[in-house]
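Trainee: I'm new to this one, and I'd like to know where the labels come from. Could we go through them one at a time?

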Amino acid sequence: MTRMPSEHRGEPENRVAASDNQARYVLSELAGVGSYMISMGHLVEGALDEAAFRSASQALLLRHDALRTRFDVAGGTVHALVSREASF
């Protein structure tokens, strides 16, 4: 399993969200959606190697900050909180 270096573990990194992400977040809140999320599903046929799937998913989470990011508003500014830990 891929592990993050120790300096990447711990509290989420707090960044001011990019302006396009701020706009999407605010629009989703105004629309009453309550969350800014894009979801999708896939149909998998046949046998599934659960350990391999979990390992690949974990590696994907570690590689892409966007998959570990949540948004919060503080002081009137949208912040992107990037979790340093990736758990699936």
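What follows is a chat about how the labels for this predicted model are earned.

Trainee: Let's start with the overall layout. What pattern does the protein chain follow along the sequence?

Mentor: Reading along, you get β-α-α-β-β. That makes two helices and three strands.

Trainee: Why is R68 called buried?

Mentor: Buried means under 20% relative accessible area. R68 has 8%, so it falls under that cut-off and counts as buried. You'll find R68 in the loop between α2 (50–63) and β2.

Trainee: And what makes R68 and D65 a salt bridge?

Mentor: The test is a side-chain nitrogen of Lys or Arg within 4 Å of a carboxyl oxygen of Asp or Glu. Here the closest N and O atoms are 2.6 Å apart, so the pair passes. Its partner D65 is partly exposed, at 32%. The side chain of R68 also reaches the backbone oxygen of S83, at 2.6 Å.

Trainee: How many salt bridges does a search of the whole structure find?

Mentor: Two. Another pairing is R54 with E50, where the closest N and O atoms are 3.5 Å apart. That is within 4 Å, so the label holds there as well.

Trainee: How do you know that R54 and E50 are separated by about one helical turn?

Mentor: They are four residues apart in helix α2, and that spacing is why we say about one turn. In general, an α-helix has 3.6 residues a turn, so residues three or four places apart point the same way.

Trainee: Why is E50 called exposed, but R54 partly exposed?

Mentor: Exposed needs over 50%. E50 has 51%, so it gets the label. R54, at 37%, sits between the two cut-offs and is therefore partly exposed.

Trainee: What makes D49 a cap for α2?

Mentor: A side-chain oxygen of D49 lies 3.3 Å from the backbone nitrogen of A51, at the N-terminal end of the helix. A polar contact needs N or O atoms within 3.5 Å, so this one fits.

Trainee: How do you know that the length of α2 agrees with what it should span?

Mentor: Its 14 residues should span 20 Å at 1.5 Å a residue, and the end C-alpha atoms are 20 Å apart, so the two agree. Helix α1 (residues 19–30) passes too: its 12 residues should span 16 Å, and its ends are 16 Å apart.

Trainee: V26 is in α1. What makes V26 part of a nonpolar surface patch?

Mentor: Patch members need over 30% relative accessible area. V26 has 40%, so it clears that bar. Together with L27 and L30 it makes a patch of about 320 Å².

Trainee: On to the strands. How do you know that β3 pairs with β1 and β2?

Mentor: Pairing takes at least two bridges. Four bridges join β1 (residues 13–16) to β3, and six join β2 (residues 69–74) to β3, so both pairs qualify. Each pair runs antiparallel. For instance, L81 in β3 is the bridge partner of N14, while V73 stands opposite V78.

Trainee: Why is β3 described as largely enclosed?

Mentor: Five of its six residues (residues 77–82) are buried, so the rest of the structure largely encloses it. Over the protein chain, 18% of the 88 residues count as buried.

Notes
Residues numbered from 1 in each chain as written. Predicted model: local features only at pLDDT ≥ 70, side-chain atom pairs only at ≥ 80, totals over all residues. Heavy atoms only, no water. Buried < 20%, exposed > 50% of the residue type's maximum accessible area, 1.4 Å probe, protein only. Patch = residues over 30% accessible without salt bridge, like charges linked within 9 Å, V, L, I, M, F, W, Y side chains within 5 Å. Areas by Shrake-Rupley, 256 points an atom, 1.4 Å probe, with all protein chains shown as cover. Expected span 1.5 Å × (residues − 1). Polar contact = N/O pair within 3.5 Å; in protein donor to acceptor, adjacent residues only side chain to side chain.
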